[in-house]
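Good morning, and thank you for making room on the agenda. I should like to take you through one model, beginning with a single side chain and working outward.

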Amino acid sequence: MKNAVPNKRDLVHKIIELLGQELEQMTRSALAAHKEATHPESQAEDRHDTRGLEASYLAGAQASRAKEIQRLVQVFKFLHLPEYHDGDLIGPGALVELELNERKSWYFLVPQGGGLTFQWEGKPVCVLTPQAPLGEALLGRAVGQKIEVENKNLVREYQVVSLS
């Protein structure tokens with residue numbers, strides 16, 4: 001029995017939700033780091049004391065990540081989601097079911113914002129970009145093909161099960 005294919009728009013909503021949660025966490029962390037950086041006790045006692053400087057670097061990095069997350073949310077809100085069918089070649093916006101060692105997982109190929117993995121109806125969904133080794137290997141492939149991806153001297157062979 002073939003499992004139901006997740007609706008890509010539902011996956012995008014889930015991704016936006018997860019990014020929103022990360023944004024909330026990052027915002028709280030950035031505010032805490034900023035507070036630490038500007039706290040009187042963080043002022044340098046001598047030229048080797050870098051507590052305040054380190055806290056300010058951390059706050060800056062967290063603020064940058066928060067801006068990046070906000071940008072990614074906008075990317076996903078307006079993401080083009082073409083419909084693919086089993087005879088088509090894999091491209092951006094494709095949702096691909098792959099099998100590795102008799103275990104099936106979903107891979108959502110997006111132009112930006114890869115690296116996120118979550119569960120959807122009991123199966124993992126990995127968000128990846130064409131710049132990732134697996135994403136690059138998927139481009140131009142079709143259902144039924146095998147894909148080999150080398151990662152840290154380990155070769156993994158995936159079977160393309162379905163495409164939408």
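**A lysine in strand 4, and the sheet around it**

Let us start at K123, which lies in strand 4, the run of residues 123-128. Please keep in mind throughout that this is a predicted model.

Is K123 buried or exposed? Its relative accessibility is 11%. The cut-off for buried is under 20%, so K123 counts as buried. Which side chain does the side chain of K123 contact? The partner is the side chain of E97, in a polar contact at 2.3 Å.

From E97 we may step across to strand 6, where S162 stands opposite E97. Strand 1, residues 95-100, pairs with strand 6 in the antiparallel sense, over 4 bridges.

We can now place these strands in the sheet. Six strands make up an open sheet with mixed pairing, and their order is 3-4-2-1-6-5. Its edges are strand 3, residues 117-120, and strand 5, residues 146-151, each of which pairs on one side only. On average, neighbouring strands in this sheet are turned by 35 degrees against each other, with direction ignored.

Let me turn to the edge formed by strand 5. Strand 5 pairs with strand 6, residues 154-163, again in the antiparallel sense, here over 6 bridges. Two of the residue pairs may be named: E150 has V155 as its bridge partner in strand 6, and N151 stands opposite L154.

Strand 5 and strand 6 form a hairpin with 2 residues between the strands. What phi does K152 take in this hairpin? The value is positive, near 55 degrees, and K152 is a residue other than glycine. K152 sits in the loop between strand 5 and strand 6. With a relative accessibility of 78%, above the 50% cut-off, K152 therefore counts as exposed.

A second residue deserves mention beside K152. N101, also other than glycine, has a positive phi near 55 degrees. Where is N101 placed? N101 belongs to the loop between strand 1 and strand 2, the latter covering residues 103-109. Its relative accessible area is 71%, so N101 is exposed.

To close, I would set two lysines side by side. K123 is buried at 11% relative accessibility, and its side chain makes a polar contact with that of E97. K152, by contrast, is exposed at 78% and takes a positive phi in the hairpin of strand 5 and strand 6. Thank you.

Terms used. Residues are numbered from 1 along each chain as its sequence is written. This is a predicted model: local features need pLDDT of at least 70, side-chain atom pairs count only at pLDDT 80 or more; totals for chains, interfaces and linings use all residues. Side-chain values use heavy atoms; hydrogens and water are left out. Two strands pair if DSSP finds at least two bridges between them. Axes are lines fitted to C-alpha atoms, for helices over the stretch in contact, and angles run from 0 to 180 degrees between N-to-C directions. Buried means under 20% relative accessible area, exposed over 50%, partly exposed in between (1.4 Å probe, protein chains only). A polar contact is a pair of N or O atoms within 3.5 Å; within protein, one must be able to donate a hydrogen and the other to accept it, and residues adjacent in sequence count only if both atoms are side-chain atoms.
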